[in-house]
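The following paragraphs lead the reader through the strand pairing and the helix packing of the structure shown here. Please keep the sequence and the model in view while reading.

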Amino acid sequence: MAKDKLEKVSIKLKRSLIGSTKDQIKVVRALGLKKTNDVVEHFNSPTIMGMVNKVPHLVEIVK
């Protein structure tokens with residue numbers, strides 16, 4: 001699938017990582033989020049959406 005055909009999705013870290021498990025922190029860091037209220041853009045792929053679904057209580061999709 002060509003990346004130019006995929007739409008971009010903005011992901012925002014809405015809660016602090018304090019008290020989160022190590023696996024959850026690794027997922028958030030892999031998304032490119034470091035601080036609360038950071039926003040990153042990724043292509044809307046199954047891999048990225050799977051990562052978002054692992055930590056839905058910490059991130060939100062911004063439109």
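**Sheet order and pairing**

In this predicted model, 3 strands make up an open sheet with the order β2-β1-β3 and antiparallel pairing. Its edge strands, β2 and β3, each pair on one side only. From one strand to the next, the twist averages 35 degrees. Here strands (E, at least two residues) and helices (H or I, at least four) are DSSP runs numbered from the N terminus, and two strands pair if DSSP finds at least two bridges between them. Axes are lines fitted to C-alpha atoms, for helices over the stretch in contact, and angles run from 0 to 180 degrees between N-to-C directions.

Residues are numbered from 1 along each chain as its sequence is written, local features need pLDDT of at least 70, side-chain atom pairs count only at pLDDT 80 or more, and totals for chains, interfaces and linings use all residues. Side-chain values use heavy atoms, with hydrogens and water left out.

Strand β1 (residues 8-13) pairs with strand β2 (residues 39-43) in the antiparallel sense over 5 bridges. Within this pairing, lysine 8 lies opposite phenylalanine 43 of β2. β1 also pairs with strand β3 (residues 59-62), again in the antiparallel sense, over 4 bridges. In β3, valine 62 stands opposite serine 10, and glutamate 60 is the bridge partner of lysine 12.

Helix α2 (residues 46-54) lies across β1, β2 and β3 and runs at about 135 degrees to β3; contact means heavy atoms within 4.5 Å.
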